[in-house]
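User: I'm new to this structure and would like to learn how to read it. Could you walk me through it feature by feature?

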Amino acid sequence: MAWITRFLTAVAFLAVGVVFSPETFGSKSDGTKSPNLSSFIKLAHLLSFSTAWGAALWVTFIGGIIMFKNLPRHQFGNLQSKMFPAYFSMVGVCCAISVAAFGYLHPWKSATMPEKYQLGFLVSAFVFNLSNLFVFTPMTIEMMKQRHKVEREANIGDEIGWSKNQEAAKTNPKLAAMNKKFGMIHGLSSLANIMSFGSLAMHSWFLAGKLNL
């Protein structure tokens, strides 16, 4: 039940922030009136975007690399096969909320050209995540399971890194062909993930320009 404790703690901090924000009492820091609905939609957009961008940053450039360098390869692959569907689902939901919130706050007919570009970046991130969730990730996981079976027959896969796989592939045409196919599918999945991350990064620059510190 530890996750419930962490979740309730986060909600409590959020509630305190809402209670003590100027918008809660009907005005912004500059004294002008601010509709509560708009404030909550902005909050939904900010939290969803930051969650998606932070998760993408961690999984792509930190967590995945650390796990690959420290876990036996089959164990690493099995863990990734459980983690990635959840990761792409979460980021996809966050992107969908960000698209909806940003679209509500900046209707297409009245939006400026930069705002239309930003909506395009958010939609792109959402689409790239969907492509990974429903196309590339299932293909990658299925190919990984097939390759694991061949590797177990060759008594490899419990080591850390690719060295034994590469050595075995030199004398095992079936494994070499699987490596090539897996590399292609995994490459497309990685490309979609990087494109999604890049789209979110472009939106982070837009949001930074809106800060008045």
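Analyst: Let's go from the overall layout to single residues. Keep in mind that this is a predicted model.

User: Fine. How many helices and strands does the chain have?

Analyst: There are six helices and zero strands. Read from the N terminus, the order of elements is α-α-α-α-α-α.

User: What do contacts say about the way those parts meet?

Analyst: Look at how far apart in sequence the touching residues are. Among contacts with a separation of 6 or more, 74% are between residues 24 or more positions apart.

User: And how much of the chain counts as buried?

Analyst: The figure is 34% of the 213 residues. On the outside, the chain exposes about 13,200 Å², and 70% of that comes from carbon and sulfur atoms.

User: Which residues touch the most other members of the largest nonpolar core?

Analyst: That core has 19 residues, and the ones touching the most other members are Ala52, Tyr87, Val91, Cys95, Phe102 and Leu200. At least two core residues come from each of H2, H3 (73–105), H4 (113–153) and H6 (173–210). H3 gives the largest share, with six residues. Another core, of nine residues, lies apart from it and includes Val150, Ala168, Ala169 and Leu175.

User: Can we zoom in on one residue? What does valine 91 touch?

Analyst: Leaving out residues up to four places away in sequence, valine 91 touches Ala52, Ala55 and Asn129.

User: Now the surface. Which residues make the nonpolar patch?

Analyst: Leu57, Trp58, Phe61, Ile62, Ile66 and Ile194 do, over about 520 Å². Helix H2 (residues 36–70) supplies the largest share, five residues. Isoleucine 62 is a good one to click on: this residue sits in H2 and is partly exposed, at a relative accessible area of 33%. The cut-off for joining a patch is over 30%, so isoleucine 62 passes with its 33%.

User: Which residues does the "transmembrane region" annotation cover?

Analyst: According to the unreviewed UniProt entry, that annotation covers residues 50–72, 84–105, 117–137 and 188–208. You can then check what the model shows over such a span. Residues 84–105 are 100% helix and 0% strand, with the end C-alpha atoms 31 Å apart. For residues 188–208, the ends are 30 Å apart by their C-alpha atoms, and the span is again 100% helix and 0% strand.

User: Let's turn to charges. What is the idea behind a salt bridge?

Analyst: Side chains of opposite charge can pair when their charged atoms come close. In this structure, a full search finds three salt bridges.

User: Where are they?

Analyst: Start with glutamate 151 and arginine 73, whose closest N and O atoms are 2.8 Å apart. This pair links distant parts of the chain, since glutamate 151 is in H4 and arginine 73 in H3, 78 residues apart. Glutamate 159 also pairs with arginine 73, again with 2.8 Å between the closest N and O atoms. Here the partners are 86 residues apart, with glutamate 159 in the loop between H4 and H5. The remaining pair is glutamate 167 with lysine 170, at 3.4 Å from N to O. Shared partners join Arg73, Glu151 and Glu159 into one network.

User: Are the residues in these bridges buried or exposed?

Analyst: You'll find both. The cut-off for buried is under 20% relative accessible area. Glutamate 151, at 0%, therefore counts as buried, arginine 73 is buried at 4%, and so is glutamate 159 at 12%. In the other bridge, glutamate 167 is partly exposed at 49%, whereas lysine 170 is exposed at 63%.

User: What about glutamine 80, buried or exposed?

Analyst: Buried, because its relative accessibility is 10%. Glutamine 80 is placed in H3 and contacts Met67 and Pro85, leaving aside neighbours within four places in sequence.

User: One last feature: what can I read from the backbone angle at asparagine 155?

Analyst: Check the sign of phi. Asparagine 155 has a positive phi of about 60°, although this residue is not a glycine. Asparagine 155 lies in the loop between H4 and H5 (163–169), and at 69% relative accessibility it counts as exposed.

Note on methods:
Residues are numbered from 1 along each chain as its sequence is written. This is a predicted model: local features need pLDDT of at least 70, side-chain atom pairs count only at pLDDT 80 or more; totals for chains, interfaces and linings use all residues. Side-chain values use heavy atoms; hydrogens and water are left out. Patches are made of residues with over 30% relative accessible area and no salt bridge: like charges are joined within 9 Å, nonpolar side chains (Val, Leu, Ile, Met, Phe, Trp, Tyr) within 5 Å. Accessible areas come from the Shrake-Rupley method with a 1.4 Å probe; for residues, only the protein chains shown count as cover. A salt bridge is a side-chain nitrogen of Lys or Arg within 4 Å of a carboxyl oxygen of Asp or Glu. Helices (H or I, at least four residues) and strands (E, at least two) are DSSP runs, numbered from the N terminus. Buried means under 20% relative accessible area, exposed over 50%, partly exposed in between (1.4 Å probe, protein chains only). Contact means heavy atoms within 4.5 Å. A nonpolar core is a set of buried Ala, Val, Leu, Ile, Met, Phe, Trp, Tyr and Cys residues joined through side-chain atoms within 4.5 Å. UniProt positions are given in the numbering used here, feature names are shortened, and annotations may be inferred rather than shown by experiment.
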